[in-house]
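Student: I should like to learn how to read the architecture of a model such as this one. Could we go through its features in turn?

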Amino acid sequence: MEKEVLDERKMKILQAIIKNYLETGEPVGSRTISKYTDLNLSSATIRNEMADLEELGYIVQPHTSAGRIPSDKGYRLYVDNMMLEREARLLSQEEKLADREKELGEMQELLNERVDKIETLLQHMAKALASNTNYATMITGPNIHKNKLKFIQLSEVEDGKVLCVMVLEGNIIKNKIIKIDEELDKETILKLNILFNSTLNGLTLEEINLNTISKMNMQAGDQLNLARNVLDAVAEAMSTEDDLQIYTSGATNIFKYPELSDSQRASELISTLEEKHLLTNLISDEEGQDGKGIQIYIGDETPVQTMKDCSVVTATYELEDGLKGTIGIIGPKRMDYEKVVETIKNVKNQLSNVYKKDDNTVD
């Protein structure tokens with residue numbers, strides 16, 4: 001199905017309606033649009049063009065108001081054009097990055113801090129994004145499907161128990177307490193650590209096959225049961241069934257927008273943000289409509305039923321090869337798309353860059 005092409009005048013009027021509605025949240029009338037000096041059109045001409053835009057489905061008249069507001073179709077055309085213009089501007093606007101970096105200074109400072117666990121970083125990032133945009137935000141922990149084991153260490157914590165610490169790619173740390181039948185001396189623990197690391201390091205869960213397991217069990221000697229328990233702990237840590245972590249913030253920002261703040265809508269949205277399994281439909285491995293991991297859902301396009309009155313912008317971040325997660329910003333349809341897209345792109349790039357920088361500092 002071919003897309004409709006609006007003539008320049010209709011396009012300018014639609015853009016003026018959307019920009020005005022983004023700023024005010026109020027229906028827009030022909031008199032308001034006639035004040036835009038670059039249009040130089042009479043109110044009568046504008047009314048006729050607005051009638052055509054309404055017939056084409058780009059704007060709607062809410063209730064009995066004399067003004068019009070954008071429809072989902074109108075927002076979609078506006079966003080698609082904005083994304084095209086943004087890509088064109090990026091080719092000649094590198095000098096303006098300094099201004100954007102200043103605006104995102106809080107998040108940049110946060111990212112430059114050394115954080116031992118990625119969960120802590122992502123929790124802070126969700127809060128910083130909500131503060132910066134005044135919308136609700138979500139960030140998922142990285143998907144560890146086919147992730148590799150980087151390091152494993154056993155240490156005795158008390159009689160009858162050892163702590164198994166597993167470090168996965170992306171510096172994801174998993175801990176497991178394992179019960180043992182007899183006390184282990186330091187030499188035995190050292191040998192076991194060498195065995196586990198030489199056998200398992202650099203492997204994905206799928207690559208730990210029967211040959212690998214048999215080889216490790218043979219070398220474990222008297223500690224066969226412990227070796228099996230360690231393998232179980234590794235499998236549990238790397239399993240794709242591991243609960244997906246989703247960090248949310250800014251739910252109360254919803255009340256700042258009248259179109260979302262009535263009790264039923266607000267309650268449904270807040271409940272959705274609290275129930276992480278309801279957000280999984282926003283998580284995708286697709287590249288996104290800009291080809292760089294950014295996806296914009298408007299109204300009914302949103303895959304979450306309780307967000308049909310919202311717009312949602314998501315992006316895929318990548319810490320290392322194959323280690324990805326999702327950033328999402330949820331707000332009204334009249335959200336500041338340009339700022340949100342630019343913000344989410346910067347955060348995505350900064351997350352990637354800071355972990356590359358951390359990896360380069362490791363001997």
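**Reading strands, helices and cores**

Tutor: Let us begin with a strand pair in this predicted model. Strand β5 (residues 161–168) pairs with β6 in the antiparallel sense, over eight bridges. Within this pairing, Lys-161 stands opposite Lys-179 of β6.

Student: In what order do the strands of this sheet lie?

Tutor: The sheet is open and has three strands, in the order β4-β5-β6, with antiparallel pairing. β4 (149–158) and β6 (172–179) are the edge strands; each has a single partner strand, so one side of each is left without a neighbour in the sheet. On average, neighbouring strands of this sheet are turned by 20° against each other, direction ignored.

Student: How is the packing of two helices to be described?

Tutor: Two packed helices are described by the angle between their axes and by the distance between the axes. Here, the axes of helix α1 (residues 8–24) and helix α3 (residues 43–56) come within 10 Å and cross at roughly 85°. Because angles of 65 to 115 degrees count as roughly perpendicular, α1 is roughly perpendicular to α3.

Student: Which residues of α1 and α3 meet?

Tutor: From α1 come Arg-9, Lys-10, Ile-13, Leu-14 and Ile-17, which meet Thr-45, Ile-46, Glu-49, Met-50, Asp-52 and Leu-53 of α3. The residues of this contact divide into six nonpolar, one polar and four charged.

Student: What should one look for in the interior?

Tutor: In soluble globular proteins, nonpolar side chains tend to be buried together. In this chain of 363 residues, 46% count as buried. The largest nonpolar core has 79 residues; Ile-13, Leu-154, Phe-196, Leu-226, Val-230, Val-234 and Tyr-337 touch the most other members. Apart from this core lies another, of 17 residues, among them Ala-136, Leu-269, Tyr-297 and Val-304.

Student: Which residues does Leu-154 touch?

Tutor: Not counting residues up to four places away in sequence, Leu-154 touches Val-162, Leu-163, Cys-164, Ile-189, Leu-192, Asn-193, Phe-196, Leu-226 and Val-230.

Student: Is Val-5 buried or exposed?

Tutor: Val-5, in the segment before α1, is exposed, with a relative accessible area of 78%. The C-alpha atoms of Val-5 and Leu-77 are separated by 9.9 Å, although 72 residues apart along the chain.

Student: How may the chain be summarised as a whole?

Tutor: The protein chain has 12 helices and 10 strands. Of its contacts with a separation of 6 or more, 61% are accounted for by residues 24 or more positions apart.

How values were computed:
Residues are numbered from 1 along each chain as its sequence is written. This is a predicted model: local features need pLDDT of at least 70, side-chain atom pairs count only at pLDDT 80 or more; totals for chains, interfaces and linings use all residues. Side-chain values use heavy atoms; hydrogens and water are left out. Axes are lines fitted to C-alpha atoms, for helices over the stretch in contact, and angles run from 0 to 180 degrees between N-to-C directions. Helices (H or I, at least four residues) and strands (E, at least two) are DSSP runs, numbered from the N terminus. Angles under 35 degrees count as roughly parallel, over 145 as roughly antiparallel, 65 to 115 as roughly perpendicular and the rest as oblique. Contact means heavy atoms within 4.5 Å. Ala, Val, Leu, Ile, Met, Phe, Trp, Tyr, Cys and Pro count as nonpolar, Asp, Glu, Lys and Arg as charged, and the others, Gly among them, as polar. A nonpolar core is a set of buried Ala, Val, Leu, Ile, Met, Phe, Trp, Tyr and Cys residues joined through side-chain atoms within 4.5 Å. Buried means under 20% relative accessible area, exposed over 50%, partly exposed in between (1.4 Å probe, protein chains only). Two strands pair if DSSP finds at least two bridges between them.
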